Amino acid sequence: MIQKWRTKTTGQPFRRTVFVKLLLSFMIILMIPFVIGALLYGRMEQALIGNAYDSNQTLLQQTRLTVDSRMNEVDQLTAQIAFDPMLQIFLYEDSNRASINDYTYIELISNLKRYRTLSPFIDDYYVYFKDSDRIVTTTIRTDPDTFYGDIHDYRNRSVDEIKAMLGEYHLRTYLPSEPIQYDMKQRNMITSINSLPMGDNTEIRGALIVTIDEAQLLGQLRKSDHRDTDYYMMDADGRVLSTTAANSEALDGVKSRLGPGNGNLAATIAGENMLVSYATSSQNDWTYVSIVPKSIVLSKVNETKSLALGLVLLCMAGGFLVSYYLAYKNHRPIRELIHTIMQGKNMSGIQIRNEFTFIQSELQSSIVGEKQMRGMLTQQRPVIQADFISRLMKGFVDTSKLTDKDYDFMDVSLPHPHYGVVLLQIDDCGRFVQENSEREWTLVRFILINLSNELLTHNGYAIELDRDRVGILLNVAQPSAEEGNELDRLLLNIRAQMEQKFRTSITIAVSGIKTSVDGIAAAYGEAVSALEYKTLQERRNVIYFDTIRSVERHYFYYSLEMEAQLMNYAKSGDYGNVEKVLDQLFEINFQSRSISPEMAKYLSAELMSTVIKLLNALNIDDHVFFGGATETFNYLAKIGTAEEMGFTLKRLYRSICEKVAGDRSEHSDLLVAKIRSYIEANYGSNELSLTTIADHVGLNSSYLSTFYKKQTGHNVTEYITELRMKKAKQLLSETEMTVAGIALQVGFASDIGLIRVFKKTEGVTPGKYREITGCGCPDNEAIL
């Protein structure tokens, strides 16, 4: 480019040697800070890696101390239970059989319960007796098959595997974390096993098992480190007891490199560079390992590196330009000017004969271009004005820097000392437009803007804000906006003309009046807040922010009991009571108290949610009731006032009640069958109650009792008792089960409850009934 410019503009020799020397000199100077920065980056990277290692070591040491302390708690609990006198009696059951009975088992359970610790770290503990093949916990005595099959289910081990493992010698043995299902939940647990008698590997009579909640163990690590770090705990044999990672495969590649004590090392795992820190406990030889991607530790450094590289390149580019300028500083200014013009207009191929004529023609061309640009700006002035006013109202303009020239350029004049914002919300133009298209909406906004500007004269500017919203920037002489003044009459006139001439309904919201341009953004926020109150106001009013400012705001009232009433009345087809509940609800929220627009929206959503739940419970297609609306909540979103909301809800509930009334007879029969089917399937559970049945069929318990009594002539409890007594008599006559076992199978918590109900209904006790029916089976009861 330089050679081309030289040959076409002058025949003087080009000082290429001077240019090269100057350029090389400045490039060498530019390289000095680059080299220094590279050295500093290397030192900074090493420092950050060292800090990461120190941070990981500190966290691992804290975890080690905490886990060591928790392990001491496990050891103390193990020692206390292992040397319990009552436990010793059961360990040597063969020599103490005479003194062992159900009451000694109860005493042992009580003793175990006394050792219950408040530490969340220890989840549970129990004792396994090898000779009697029994398990005793702090609450029950049972056999291993029941315990590990139904109560304490190891998801990855069979009952036989667990029994075989418990029969082996263990001293402070910890099993890796694995899922255990109990109390209807599945949690990962670390299991501690110690053989009993403790320390005797010649004669193993049982085992003490303690389960440790892995979530409590790893909770400190998860809370303390928010980086993408994986932590592992290994025992002395190298087994991973617990980890925060999805699996322990990442640790397999570095196990062999972990030394004794504490240390740090770098490793490549799955193709990614990792920083590994480890610490070993002297108490139990457990090793705690953290693995964090190096890229995360150096993320900030890499960002700084990219920024520094960009700055270096920028400095080099700037230095090159400066070098170029200094190399050619003896060139005449006119030649630089011509070169600039040629580059700016891409005229590198033009032969220049007269330089001054060339400059003159280019200046005249620039002046003509400027005039054309000003003409285009004049044509676009309404767009520029509307954009400026919109940004001014929304607070996107720094008003402290505005000058009179700025206002003149935007064609905005604000001669009066008071400012405000008016929002005109287009609620309904369906009577004016035909196709609801963008073209017709644009026409509605155009009419509203022009009508507002015509009536406002020099008191403000109307602009388009949204598809259905127009904003007015007020600039008035009066210091207030309130009902009855000139501004109020003007706004009501705009509303009346839109309604009468163009059959379009609008809502008008007015902010408070401000005394400076700085307050326009706040005024816009006030107008938006006032517009939210349109659901609580009558359509004929203008909503003033100063009026609603002092309104006391309450939370809406819609209790669960009231919702249950609505649903139950509707399910029974009782529209009269539904209407009373709705009237009471609207009287509380919109007359007795004043709720905010936000609370009105929440109340609307809650009421619609009740309707949806009711329709789902009754298996009714909601699109039929919501006019085919694809989004159910859009149905209520179109409602403008609280009165319209109440009218719409009543219409919906009336339709629902009419449909329910037509289906009531068939529905009642199906509901009775559903209740009886559930009772027949679950009467053997002692948790069966009126509440559980009501929850199953989706009714209130009191309503369920009344409904069933009315439909069948007897109550729910009588039917449950009838089924239980029938099954009990069958078991008494045909099996050898004890009364206690039969009581549990037919749904009683104990044999006492069965005996009481059986005698009341049959006139004799279960044992007597068994004798009468000819079965000589014993009726002794097992002690739980």
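Helices and strands here are DSSP runs, with at least four residues for a helix and at least two for a strand. Counted that way, the protein chain of this predicted model holds 30 helices and 17 strands. Of its 784 residues, 42% count as buried. The accessible surface adds up to about 42,900 Å², and carbon and sulfur atoms account for 53% of that. Contacts also reach a long way along the sequence: among those between residues at least 6 apart, 62% join residues at least 24 apart.

Helix H6, which covers residues 159–166, is a handy place to see how burial works out in detail. Its residues Val 159, Ile 162, Met 165 and Leu 166 are buried. Looking down the axis of H6, these buried residues fall within an arc of 130°, so they line one face of the helix. And what sits over them? The cover includes helix H5 (144–151) along with several strands, among them S1 (122–129), S4 (153–154) and S5 (173–182). Strands S6 (185–196) and S7 (206–213) are part of that cover too.

Further along the chain, two helices cross. The axes of H27 (residues 716–734) and H29 (residues 751–762) come within 11 Å and cross at roughly 100°. Angles of 65 to 115 degrees count as roughly perpendicular, so that label fits H27 and H29. On the H27 side, the meeting residues are Thr 721, Met 725, Ala 728, Lys 729 and Leu 732. Their partners in H29 are Leu 754, Val 757, Phe 758, Thr 761 and Glu 762. Sorted by class, this contact has 6 nonpolar, 2 polar and 2 charged residues.

Ser 390 is a single residue worth a look, and it belongs to helix H13 (residues 381–393). With a relative accessible area of 14%, Ser 390 falls under the 20% cut-off, so it counts as buried. Leaving aside residues up to four places away in sequence, Ser 390 touches Ile 463 and Leu 465.

Then there are some backbone oddities. Most residues other than glycine have a negative phi, and most peptide bonds are trans. The bond from Leu 196 to Pro 197, however, is cis, with omega near -5°. Pro 197 is found in the loop between S6 and S7. Asp 133 has a positive phi, near 50°, and lies in the loop between S1 and strand S2 (134–136). Asp 411 also has a positive phi, of about 60°, and its place is the loop between helix H14 (404–409) and strand S13 (418–428). As for accessibility, Asp 133 is partly exposed at 26% relative accessible area, and Asp 411 is partly exposed at 39%.

Terms used. Residues numbered from 1 in each chain as written. Predicted model: local features only at pLDDT ≥ 70, side-chain atom pairs only at ≥ 80, totals over all residues. Heavy atoms only, no water. Buried < 20%, exposed > 50% of the residue type's maximum accessible area, 1.4 Å probe, protein only. Contact = heavy atoms within 4.5 Å. Areas by Shrake-Rupley, 256 points an atom, 1.4 Å probe, with all protein chains shown as cover. Arc of directions from axis to C-beta. Axes fitted to C-alpha atoms, helices over the stretch in contact; angles between N-to-C directions. Parallel < 35°, antiparallel > 145°, perpendicular 65-115°, else oblique. Nonpolar A, V, L, I, M, F, W, Y, C, P; charged D, E, K, R; others polar.
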